[in-house]
Amino acid sequence: MSLVGKSGILEIGKDAYGIVHEGGATNSGFIVGDEGVIVVEGLETKKLAHMVKTEVKKVTSKPIRSLICTHFHGDHSLGNEYYLPVNVIGHALCRDEMIERWDYSVNRFATRYDENDPAQAAEHRNARPTPPDVIFHNENMTLYLGNKRVELYYFGKAHTSGDIVVYLPDDKAIYSGDVVTEGSGAPYSEDGFPASWVNVIENIDKLDIETIVPGHGTIGDKSMAQTELQFLTGLRDETRKCYDANVDATQAMSDISVSGFESWSDGDMFSIAVSRLYKEFSGEI
Ligand SMILES: [Zn+2]
């Protein structure tokens, strides 16, 4: 039975779970093997880490051995410290990015709580930097939990410099981090590389996938990635035309409309994506 559109604690494969939310809260998951558990995404807070650990305990008494960090953003990683002393696994560029941008990340999330939840804001400001301490530099890394095979892929810059996706070949399932999200508009690319992102999703599209646990949104199948690919490809091509015609970036933001995605072709996220594309084309990023 397809899980597409579903949320909750879902078994997305054999001994593999998604913790999936409607309405945009950051998703996570965990994989149980003979030798222990791998959690995907440290999430943002102590409270959320506790929630994930509680869900793990409902399924197994085996220990959490590793935590996979898909990218440096705080909603995916400020909670990493509550899993220590596990290994935090990620790409080398994610490690660099998390170290270099720790203060930015903490501030971005802490300020959201300053007014209504000062204790949570303080937790963020006191967060311990926990970049990946087991890293890979190339395109992939494979983990085994006993017989359970977990493949990590880095296909290039996308939503950030250091995004990885977590692929379970036996289950045809993937935890995509924010490289794929349930779309209702231009994806968040404040720290992103939308032109390179196209290539990354093209690579994901080559994998044998039936189930996607997106970074945000309900469960998808391959069409979720393909929709985002179609939008980003259209946006890249339209923006390139403007760039080549020396249209200034601000004008391009209002001129461009991606065919088939008219309702996505507006708003702050759309403007940010156009501006990031201009920087990619000029070589500034
Ligand atoms: Zn993100």
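In the predicted model, S28 is a buried residue, its relative accessible area being 1%, and since burial is assigned to values under 20%, S28 falls in that class. The residue belongs to strand β3, which comprises residues 28–33. When neighbours within four places in sequence are left aside, the contacts of S28 are with Y17, G18, I19, V40, E41, L43, V52, Y175 and V213.

The zinc ion is held by four donor residues, namely H71 through NE2, H73 through ND1, H159 through NE2 and D178 through OD, at distances of 2.1 to 2.2 Å. The angles among the 4 donor atoms extend from 86 to 170 degrees, and the site is accordingly classed as irregular. A tetrahedral assignment would require that all angles lie between 85 and 135 degrees, whereas the upper end of the computed range is 170 degrees. Along the sequence, the donors follow the spacing H-x1-H-x85-H-x18-D. Within this set, H73 and D178 link distant parts of the chain, being 105 residues apart, with H73 placed in the loop between β5 (64–68) and α2 (74–77) and D178 in the loop between β11 (173–175) and α6 (194–206). Both of these donors are buried: H73 has a relative accessible area of 2%, and D178 has a relative accessibility of 5%.

D178 also appears in the description of the pockets. The largest pocket encloses about 530 Å³ of space, and of the 28 residues that line this pocket, those closest to its centre are G24, D178, T181, Y188 and H216. The lining of the largest pocket is made up of 10 nonpolar, 11 polar and 7 charged residues. For the second largest pocket, the volume is about 190 Å³, and its lining consists of K14, D15, V32, G33, D34, K62, L145, N147, K148, D170 and D171. By class, 2 of the residues lining the second largest pocket are nonpolar, 2 are polar and 7 are charged.

Y188, listed among the residues closest to the centre of the largest pocket, is also one of the contacts of M269, which, apart from neighbours within four places in sequence, touches A186, P187, Y188 and S189. M269 is located in helix α9, formed by residues 267–282. With a relative accessibility of 29%, M269 is partly exposed, because this value lies between the 20% limit for buried residues and the 50% limit for exposed ones. Between the C-alpha atoms of M269 and T70, which are 199 residues apart along the chain, the separation is 21 Å.

How values were computed
Residues are numbered from 1 along each chain as its sequence is written. This is a predicted model: local features need pLDDT of at least 70, side-chain atom pairs count only at pLDDT 80 or more; totals for chains, interfaces and linings use all residues. Side-chain values use heavy atoms; hydrogens and water are left out. Donors are N, O and S atoms within 2.8 Å of the metal (3.2 Å for Na, K and Ca); water is not among the atoms, so sites may look incomplete. Four donors count as tetrahedral if all angles lie between 85 and 135 degrees; four count as square planar and six as octahedral if opposite donors are over 155 degrees apart and all others between 65 and 115; anything else is irregular. Helices (H or I, at least four residues) and strands (E, at least two) are DSSP runs, numbered from the N terminus. Buried means under 20% relative accessible area, exposed over 50%, partly exposed in between (1.4 Å probe, protein chains only). On a 1 Å grid over the protein atoms alone, a cavity is a set of points where a 1.4 Å probe fits but cannot get out, and a pocket is an open set with protein on both sides within 12 Å along at least five of seven lines; lining residues have an atom within 4 Å of a point. Grid points are joined across faces, edges and corners, and a volume is the space filled by probe spheres set on the points. Ala, Val, Leu, Ile, Met, Phe, Trp, Tyr, Cys and Pro count as nonpolar, Asp, Glu, Lys and Arg as charged, and the others, Gly among them, as polar. Contact means heavy atoms within 4.5 Å.
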